[in-house]
Protein chains: 6
Amino acid sequence: MKVVTFGEVMLRLSPPGVERFVQTDSLAMHFGGTEANVAVSLSQLGLDANHVTRFPDHALGRSAAGYLRKYGVSTQYIQYGDGRLGLYFLETGAGSRASQIIYDRADSAFSRIKADEIDWETVLQDASWFHWTGITPALSQGAADCLLAGVQTAKKLGVPVSGDIVYRSNLWQYGRTPQEIMPAITECCTLVLGNKALFSELYGAVGSTFQEAGRAMMQRFPTIKYVTDTKRNSLSASHNQLSAKLFNGETIFKSRVYDIQPIVDRIGTGDAYMAGLIYGLLTFSDPQRAVEFGVAASALKHTIPGDVNLATVSEIETLEAGDSSGKLRR
Amino acid sequence: MKVVTFGEVMLRLSPPGVERFVQTDSLAMHFGGTEANVAVSLSQLGLDANHVTRFPDHALGRSAAGYLRKYGVSTQYIQYGDGRLGLYFLETGAGSRASQIIYDRADSAFSRIKADEIDWETVLQDASWFHWTGITPALSQGAADCLLAGVQTAKKLGVPVSGDIVYRSNLWQYGRTPQEIMPAITECCTLVLGNKALFSELYGAVGSTFQEAGRAMMQRFPTIKYVTDTKRNSLSASHNQLSAKLFNGETIFKSRVYDIQPIVDRIGTGDAYMAGLIYGLLTFSDPQRAVEFGVAASALKHTIPGDVNLATVSEIETLEAGDSSGKLRR
Amino acid sequence: MKVVTFGEVMLRLSPPGVERFVQTDSLAMHFGGTEANVAVSLSQLGLDANHVTRFPDHALGRSAAGYLRKYGVSTQYIQYGDGRLGLYFLETGAGSRASQIIYDRADSAFSRIKADEIDWETVLQDASWFHWTGITPALSQGAADCLLAGVQTAKKLGVPVSGDIVYRSNLWQYGRTPQEIMPAITECCTLVLGNKALFSELYGAVGSTFQEAGRAMMQRFPTIKYVTDTKRNSLSASHNQLSAKLFNGETIFKSRVYDIQPIVDRIGTGDAYMAGLIYGLLTFSDPQRAVEFGVAASALKHTIPGDVNLATVSEIETLEAGDSSGKLRR
Amino acid sequence: MKVVTFGEVMLRLSPPGVERFVQTDSLAMHFGGTEANVAVSLSQLGLDANHVTRFPDHALGRSAAGYLRKYGVSTQYIQYGDGRLGLYFLETGAGSRASQIIYDRADSAFSRIKADEIDWETVLQDASWFHWTGITPALSQGAADCLLAGVQTAKKLGVPVSGDIVYRSNLWQYGRTPQEIMPAITECCTLVLGNKALFSELYGAVGSTFQEAGRAMMQRFPTIKYVTDTKRNSLSASHNQLSAKLFNGETIFKSRVYDIQPIVDRIGTGDAYMAGLIYGLLTFSDPQRAVEFGVAASALKHTIPGDVNLATVSEIETLEAGDSSGKLRR
Amino acid sequence: MKVVTFGEVMLRLSPPGVERFVQTDSLAMHFGGTEANVAVSLSQLGLDANHVTRFPDHALGRSAAGYLRKYGVSTQYIQYGDGRLGLYFLETGAGSRASQIIYDRADSAFSRIKADEIDWETVLQDASWFHWTGITPALSQGAADCLLAGVQTAKKLGVPVSGDIVYRSNLWQYGRTPQEIMPAITECCTLVLGNKALFSELYGAVGSTFQEAGRAMMQRFPTIKYVTDTKRNSLSASHNQLSAKLFNGETIFKSRVYDIQPIVDRIGTGDAYMAGLIYGLLTFSDPQRAVEFGVAASALKHTIPGDVNLATVSEIETLEAGDSSGKLRR
Amino acid sequence: MKVVTFGEVMLRLSPPGVERFVQTDSLAMHFGGTEANVAVSLSQLGLDANHVTRFPDHALGRSAAGYLRKYGVSTQYIQYGDGRLGLYFLETGAGSRASQIIYDRADSAFSRIKADEIDWETVLQDASWFHWTGITPALSQGAADCLLAGVQTAKKLGVPVSGDIVYRSNLWQYGRTPQEIMPAITECCTLVLGNKALFSELYGAVGSTFQEAGRAMMQRFPTIKYVTDTKRNSLSASHNQLSAKLFNGETIFKSRVYDIQPIVDRIGTGDAYMAGLIYGLLTFSDPQRAVEFGVAASALKHTIPGDVNLATVSEIETLEAGDSSGKLRR
């Protein structure tokens, strides 16, 4: 089953263990980006994942593509050109000390993408799903335009579209507001990840509960069949509680709550949920099962270093079935 | 006090920290094997431990012997010959993600051992204890025969024998069943580690409780003076609860329950218990003390990377005395 | 604001992670010493910290000075001469296994310091604070004499003086007792860190509670305005509870209690408290605020590898304000 | 341009730097196998390389495939099944100390391949080249049969075939001799890498010079258009001289001689030559150019850690053009 | 003796050893920049080096300053503000494989410096030397303006000025040419590092030999007392030959030629020469001695990992005196 | 064949690769000491080597003993007591940059050894050789006395004794001169390693050539049957030439000259020679063969990290036979 994701991939550089930046003299390399993280997860789950992005045409850009391929993601639609590789520096916290990120992604090769640089008809041919996030339209006019072309093509071809409408106010530096840009993209969506505050702020879809706000979204955007969100209770950098909910306009499906301790790596756990949910919706007829699968996937991601979820279907199903005993498997 | 153990030693290869196999480009090396782990533990506790095995006659086999010697185990009775070094690949889990092992031990130099390759009369001369496990007779006819010769010699020389009758169904590939092989070996035992299910399955020694099943074992095998077992409650890969019990045919001696968090390395914790118990039975007149010492040893092993328990008598006694405060020792 | 600390700096050598000494073939390097740890903390908090010590005049001594400079501590008053660099070997424990330290600091370049080797008038010119600990006078007559000259100069110049009167009985090898040496030094102090047992043992300042013993200290040493102490409940090497109290002769200011889990590195957490308290007393008019700031600083230190606290004012204030959620900061 | 290679891929495990096995406690991981090395090289040179093999169906087998994909090799035709992952342990020498390899590849998943397990018609569809080596038929009857089916299909489809007829006498354990097996395979070849001793020993193709022996090969096997070989002068483990020659039945094309110092990693340098030569023959009309390209590629491989050549066309052409200055490229 | 340098400091990220980018999953961190490299060298030689730059006001910028302080360079004049930390990625070659650099320095905090952001009167107060390079005016108008203000202040205060007029055509992106910008800066120089091609291209100072071109420079820029250059013969990435020459308008002083093998790290070797020459001119009355000291310093830098020369005066003098035996010093 | 060595074992701490002390934040651990290095070499060559020393009774002392055992050296005669573990810090050079050592060995547990602490009659029972060096009597009166007791016992028991009379003037701090101490020890020797300058300085054994001085030694000390020395031509820290000679009072046996490049680790190469020579004299009837074996052993040690020679008889004989090609051994 072919799935397609679109977005920037960054090089993540982080001190070993829980050292601070000033202490270290080496940095571990991972690659990640919210949409590519979803692609890698879906590839691990057995789908034919294709990530679309634009990399600088140098050894680091080629390495980033190699990283995706290693984890089974097809890189055949990736473009190479000018601009730099986006970076982020991550310092991992512990206990009461928060992790912190220094972004260094301005003027990346991806942000220089042109509206027509991707042949979406070819890319989305025979696809079963397309996923995007609110990071992409925040980066540049070109990225926003290219994404719009993508979701519109998906809609035209009948490919379901999911959008994580995450809003980062320190992005959006190119002169447009999310209120101007996001609605046209959201119009093509089947599934939206967000909370009621975002629904209201970005689209004026107001409701006093998640369900009500979700229903308002569905009224404004008739293609939307599902809204979803995760709920995280941060007890410390090493201890979180996590659950999720999915609303189909009628019923709210709530997952069990996971107590997660210790946390190995929090980055990409939201993307792991999204991937698990997409897999669930594509595979199971039961929305409850899909949201349970998604949140179990996300819970496992917390135990895996790096941005991407390398858990398998079997591992997720074991946890979903209630076995969190961590018993040695021989 | 001379103690003797017999069994395969494997090279363990594991990604750093809690990385997955697919993520790593280097593997930490440890050596281990359930019987050799007992030998190393006993050596750390001050006994004169001798491990008997068969290694390939190449640099890796010689390195494995060096590893044992480093930890004080005498390697004077080790044989070298053809065959490979048994391996296992360990991926260490965390929280809800289980650790997993890929075994690669078929056709090892040890499995090619011949029945008469070890001069047991010499090896067991003046020994105070002999220890074996159910892994060995599962590997090959030669290993089973050689072990049988060993325990029979021990019995003849009056050397107490302990057996951990662990049963791994994916071993036992050489055409015989444990029911055919194990009884003759068990007949020479003083102490058996196992649970009532195993007592029943392997020997038909049935009982509705551990005590009853143990008593059935003692009836079938009159040399047995003690049966013992540990009880582990796996809350997650990082959090377990552990206790043990020892039954002498009359009284059941139960240890306190340890809450173990975090778990650094679970491998070899059962062997650490066995070594602690053997040390306790050899040293203390009090079976309660012996079982408490054993389970405290095992609890400490959970904090030590690698297969072997490097805790000292003093550390174990401190914990056994109830001090789990982990206060800095200067 | 210029602050001055005085004491030995040692090279700390520790196996990676929680390995035991016998397992490792490499040792991580940190530098630390209780007074220098205070200096680094104060530098991170924005003060102009100056550490005074004596190093061997070779590449390792120069490296130690470079380490202090890196973290913003001025090394302009450091002397170089004969003798060795003090060392300590640290094995970090986990759970029920305690960390342990092997000291190797005898005959260090610092212990060979002469009474008049430091020009205290210059060093303490315009200083706002001077800090010492009971380690220094325990090392050698020269160190004790030099410290005495320092605190007396501080008193003369009106520079507030804090002393952590820690008593290590295995030091004090040069023929004098702390009872002979410490009182003259303590006479110049504004703030003393210690508990009632120490107040009694070292100075005969007896009281049935911390407050009473503190009041006895203030009677014997009229310059003392504050006595302070931390309280640690060690549940395991990985889990502690921590609080502190400050007494000004009238009111006792008690901090909240922090539950600290996991512990990354316990070394230097007392020094982190002292630095936080000094910063608080210099910056806030409110003693309650100062003690809360100090204990929050110490709590954060438990999450940072090495001897020194690299937490910033902003991080400490966030924790002090009750946010221990460890939420990712972007 | 699609190229296909077929053969076993092993996990290589080697101590860091030039440490001996007994010294190390970690092993660097690479994957390699003579035919897969050729595939990776060809992928780096821009061709569409496809490697065909059989891996164990576990995390390590999947990791091996990921490694190939990372370097751009298509893994779509790879089979997964029972058996183990072949291993080899490499200790890298220096100066007068030779590198040494301990092979541990018996009974691998690849060696268990069946004659009809690969659908060669599909695999070789539209291929421009097929490459095999004498390792494969030495491993098992199944491997030999499957290879024979492959080369015969290639011949049928008109795909040029190259064979590196390397002979390792310690392989060939399954009861057949290379003299029995190799001729039928060689009958389908266009290009053969070997020396006159091998031509004589394996095929009875005798000649007093490389050219004469090559001509004898072409007489016995009329499909052969080229024979080729490299010449290595080993001055030490760190210093070699290397050249190559190619004979087309009429003209002998000899490359320049490279003085190679220091040698970073010798493994896979022959495969790098083969890949460079294949690329050259597919790309240039000039055999001299092809052999020069091949040997320059091989020279560069000596500077790259691991089994595979990661040099680019541009780097090889720079060296081939005579620039071995190693000047920094910005 | 106070010396001042001005320019950008970048974070250098490089794979361990001689791995390629695509192979590594960790990157070693160093900091460097041609002018700061000179400052660190001069600090190691005992001078009071002050580096002036502008860093981003975040943990990485603060770490860069800490790096300079560690090596004894004063960071008191450093500014902090908006913009990113310039980066470069270095892949270290070996033998015939060249090292390569991917720069990622656009829009750095340094390039955003304003002409009047540095109080040059204060910075250059009591300075004995000021050093700049052609990288700085190539980065931005602000950097060029700020540099011009610096050299003009130096000239006014009578501080000798050295300029390495290195020309990188891929910089100079802000709309001005070096021919427009460089002459005004060069007008304040005492010492210029460059070759005759650069003298001609940048300033129209033509000559058929280095001496003639140097004399033309001195005619155009009467403050110039010395021109200097190094000569490097690159035999491979691991083997170079190096010498230098200094011309004072009358006499040409040529150094001995160093045969350098192996090369550990070539980066910063030119800066090491410059620092050695500056030290020599400030310390020795003999220009021959100065150039010999400079080239010996540079030769030693080739043996030191990272961008900066950590050789001491004593080590340089030993080499300068002809002892390149590398005999162990105890 | 039992051989005995006696002397201090130190913990060696060195930065990774060729980093300088100030650059590193981790140190590689090795253990070494000139006499123990000889023991490890002899153990690798198949002899039953026993090292006698005194270690501190803590985890590091126990680790040092474990290190010796790992390499096959018996530690049964080692004493444990007070005092510290001697250390040395090694910075490895490259090319023209010399390696340097900072010793930190004063007041070690070994230096506190008492004259009668070793039961030499037992230790030397059935021994075939005893080896000492001039480091030991330089450390303390106790060490000198204990050594004297050892060699005298050896002489009494007819055990051949070799002494490397190395003289380090910065040792000998306990009030005696080597001229006072060394002759009585040397009186028991069969084989002495030294040069004519040392023979003259320490014993007044004067001669204008090595042979003449050696003959003078044999006249003064009639037990001496052989004198030997190595000759090293240091071209750089990475390139040496090495040979050796052995004189039996009549004939001088000179080895071939080895050109050694690159040098991985120079430490312990003299000890490797001594061990090779001892092995040769014990094994071959031909002194020429013995000296050739010794220098080939030493040449190989230059390729091995750490203090000890891990070359095997087979590797040494291959090199001795002229094969320095470093060809891969499979």
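This passage looks at how two chains of a predicted model are related, and then at one annotated region and one serine in chain A.

We can start with the pairing of chains C and F. Chain F is superposed on chain C by a rotation of 180°, with 0.0 Å of shift along the rotation axis and an RMSD of 0.0 Å. This is the relation of a two-fold axis. Within chain F, Leu27(F) has the C-alpha nearest that axis, at 2.6 Å from it. Both copies use the same surface, since 100% of the contact residues of chain F recur in chain C.

Turning to chain A, an unreviewed UniProt entry carries the annotation "domain: Carbohydrate kinase PfkB", and this covers residues 2-306. Over these residues chain A is 35% helix and 26% strand. The C-alpha atoms at the two ends of residues 2-306 are 24 Å apart.

A closer view of chain A brings us to Ser74(A), which sits in the loop between helix 2 (59-70) and strand 6 (79-81). Is Ser74(A) buried or exposed? With a relative accessible area of 18%, Ser74(A) counts as buried, because the term applies under 20%. Once its neighbours within four places in sequence are left aside, Ser74(A) is in contact with Ala49(A), Asn50(A) and His51(A). With one of these, Asn50(A), the serine also makes a polar contact, side chain to side chain, at 3.2 Å. Ser74(A) is thus a buried loop residue whose side chain meets that of Asn50(A) in a polar contact.

Notes
Residues are numbered from 1 along each chain as its sequence is written. Chains are lettered from A and ligands numbered from 1 in the order in which they are written. This is a predicted model: local features need pLDDT of at least 70, side-chain atom pairs count only at pLDDT 80 or more; totals for chains, interfaces and linings use all residues. Side-chain values use heavy atoms; hydrogens and water are left out. Copies are superposed by least squares on the C-alpha atoms of residues with pLDDT of at least 70 in both. Contact means heavy atoms within 4.5 Å. UniProt positions are given in the numbering used here, feature names are shortened, and annotations may be inferred rather than shown by experiment. Helices (H or I, at least four residues) and strands (E, at least two) are DSSP runs, numbered from the N terminus. Buried means under 20% relative accessible area, exposed over 50%, partly exposed in between (1.4 Å probe, protein chains only). A polar contact is a pair of N or O atoms within 3.5 Å; within protein, one must be able to donate a hydrogen and the other to accept it, and residues adjacent in sequence count only if both atoms are side-chain atoms.
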